[in-house]
Amino acid sequence: MNPATTTALYAQRRARLAGLIGAKGIAILPTAPEQQRNRDGDFLYRHDSYFYYLSGFTEPKAWLVITGDGKTTLFCQPKDLEREIWDGYRLGPDAAPAQLGVDAAFSIAELDARMPALLDGRDAVWYPFATHKRLETRMDDWLGSVRARVRFGALCPEQQRDLCGPLDEMRLIKDVHEQAVMRRAAQISAGAHIRAMQLSARMLREGNEVREYHLDAELLHEFRRHGSQYPAYGSIVAAGANACVLHYRADTAPVRDGELVLIDAGCELDGYASDITRTFPANGKFTGPQRALYELVLASQEAAVAATRAGARFTDPHDASVKVLAQGMLDLSLLDRNKVGTLEDVIEKRAYFQFYMHRTGHWLGMDVHDCGGYVEPSEIGRVSERKDPLSGEVIRDRPSRILRAGMVLTIEPGIYVRPADGVPEQFHDIGIRIEDDAIVTETGCELISRGVPVEADAIEALMRG
């Protein structure tokens, strides 16, 4: 997409938001702050997702102000040739209107002086609640300055509203541009998984020592080689029993012949995340117990995929996956029928939780756990209560979100078998997760991450190469 088209796209989003906040509303949104890593170094900068969604602007120290009449004002760093020698090029306020399509731009140094005038006469001020430290304090200062001038005719906004609400709903449905970027991100990530799989088998065949960080390095190389700016999150490269730790991080553990490796990794491309998990035999060949559990997880994922379509509930894929996993746990004697009862009992009492303790998916987009509510807005008033069979906690349930075309979510069932009494030893320390990224369509879903195979036979064939 050419720059003029993307500029128009951001302008359309701002215009839509302006319509949502009301004619006399005003929305105020900062980008993310820079974060110090240690003494003289910062972490690699990453913009705020909401801010980027409305502007396409990636520089730090910037604010957007959008008024209900559709006008946008940007506050950004001024041009400073000396600082640009050290820190890089700045767009600057003079060039911003033409390049970003905003109506006006000023130096960030003018923010505090200009905000009271921008707030004067507005009936509601919208900003993201609980997302930026001290934002509420600055808002109080600006509103205080307006209120101090009421005797001179100033009108202070009477309402403060959470900007995350309308923006979350906007971001939940991905447009054609967003979907295209996410397909490309998933394609890059799939290639990285393939590269790590093949390296593992090749190094072991050659008699070389393999560590988790060797595979992590392959992922990072492939991400950057194809233009990804960052990993979307800290990659999980978990060998052997480490795969039973859900948020394990790639470390120094050896990758051993005969064990499985779980890799959960995805790149971020142009502000959008991918999120893929594959589990594979380090040497390229599943053992019998490994394959039995792997094919159970794959069958559960296939059931979840079949349940993912417009009109279904967000919880439907999870429920479909749990049903298959629970039956498999009974069939493979991971769960003792004499103790846990029937399939229905296992599901009702959540006996499967010993081996499957997370949900089957989450929203995916600019953030790897993307924004957007999981409760259907039109049914939010319907509440029922139940007691959790494991914790005894009273849970308040509301109807799950109805899926619509353009939503993007992950589908990621798993099974994690830690040694325990009554658990067949052949399955001990096996952790398996299979995760793909899905765009919801009217008739089903499009799996955009299947550039890396999932079938056991296909994985073995890939790793022989």
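A cavity is a set of grid points where a 1.4 Å probe fits but cannot get out. By this criterion the structure, a predicted model, holds 1 cavity of 30 Å³ or more. The volume of this largest cavity is about 50 Å³. Its lining consists of Phe314, Pro317, His318, Arg359, Thr360, Gly361, Leu409 and Thr410. Two elements, α11 and β17 (408–411), each give two or more residues to that lining. By class, the lining of the largest cavity comprises 3 nonpolar, 4 polar and 1 charged residue.

The largest pocket was examined next. Its volume is about 740 Å³. The pocket is lined by 23 residues. Thr315, His318, Arg359, Arg386 and Asp397 lie nearest its centre. His318 and Arg359 thus appear in the lining of the largest pocket and also in that of the largest cavity. Elements giving two or more residues to the pocket lining are α11 (315–331), α13 (343–349) and β15 (384–387). Of these, α11 gives the most, with 5 residues. The pocket lining divides into 10 charged, 9 nonpolar and 4 polar residues.

An open sheet of 6 strands runs in the order β6-β5-β4-β1-β7-β8. Its pairing is mixed. Strands β6 (104–107) and β8 (159–162) stand at the edges, each with a single partner strand, so one side of each has no neighbour in the sheet. From one strand to the next, the twist averages 20°. At one edge, β5 (residues 72–76) and β6 pair in the parallel sense over 4 bridges. Within this part of the sheet, Thr73 stands opposite Ala104 in β6.

Helices lie across this sheet. Helix α1 (residues 3–21) lies across β1 (25–30), β4 (63–67), β5 and β7 (124–127). The helix runs at about 55° to β4. Helix α6 (residues 135–147) lies across β1, β4, β7 and β8. Relative to β7, α6 runs at about 155°. Strands β1, β4 and β7 are therefore crossed by α1 and by α6.

A further open sheet has 3 strands, in the order β9-β12-β13, with antiparallel pairing. The edge strands are β9 (230–231) and β13 (272–273), and each pairs on one side only. Between β9 and β12 (residues 267–269), the antiparallel pairing extends over 2 bridges. Pro231 has Cys267 in β12 as its bridge partner. Helix α8 (residues 176–205) packs on this sheet and touches β12 and β13. The direction of α8 makes about 145° with that of β12.

Helix α8 also packs against another helix. Two packed helices are described by the angle between their axes and the distance between the axes. For α8 and α9 (residues 212–225), the angle is about 145° and the axes are 8 Å apart. The crossing of α8 past α9 is right-handed. On the α8 side, the contact includes Ile188, Ala192, His193, Arg195, Leu199 and Met203. Facing residues of α9 include His214, Leu215, Glu218, Leu219, Glu222 and Phe223. The residues of this contact divide into 8 nonpolar, 6 polar and 4 charged. Helix α8 therefore meets both α9 and the sheet strands β12 and β13.

Key:
Residues numbered from 1 in each chain as written. Predicted model: local features only at pLDDT ≥ 70, side-chain atom pairs only at ≥ 80, totals over all residues. Heavy atoms only, no water. Pairing = 2+ DSSP bridges. Contact = heavy atoms within 4.5 Å. Axes fitted to C-alpha atoms, helices over the stretch in contact; angles between N-to-C directions. 1 Å grid on protein atoms, 1.4 Å probe; cavity = no way out; pocket = protein on both sides within 12 Å on 5 of 7 lines; lining within 4 Å. Points joined across faces, edges and corners; volume = space filled by probe spheres on them. Nonpolar A, V, L, I, M, F, W, Y, C, P; charged D, E, K, R; others polar. Left-handed = near helix turned anticlockwise from the far one by under 90°.
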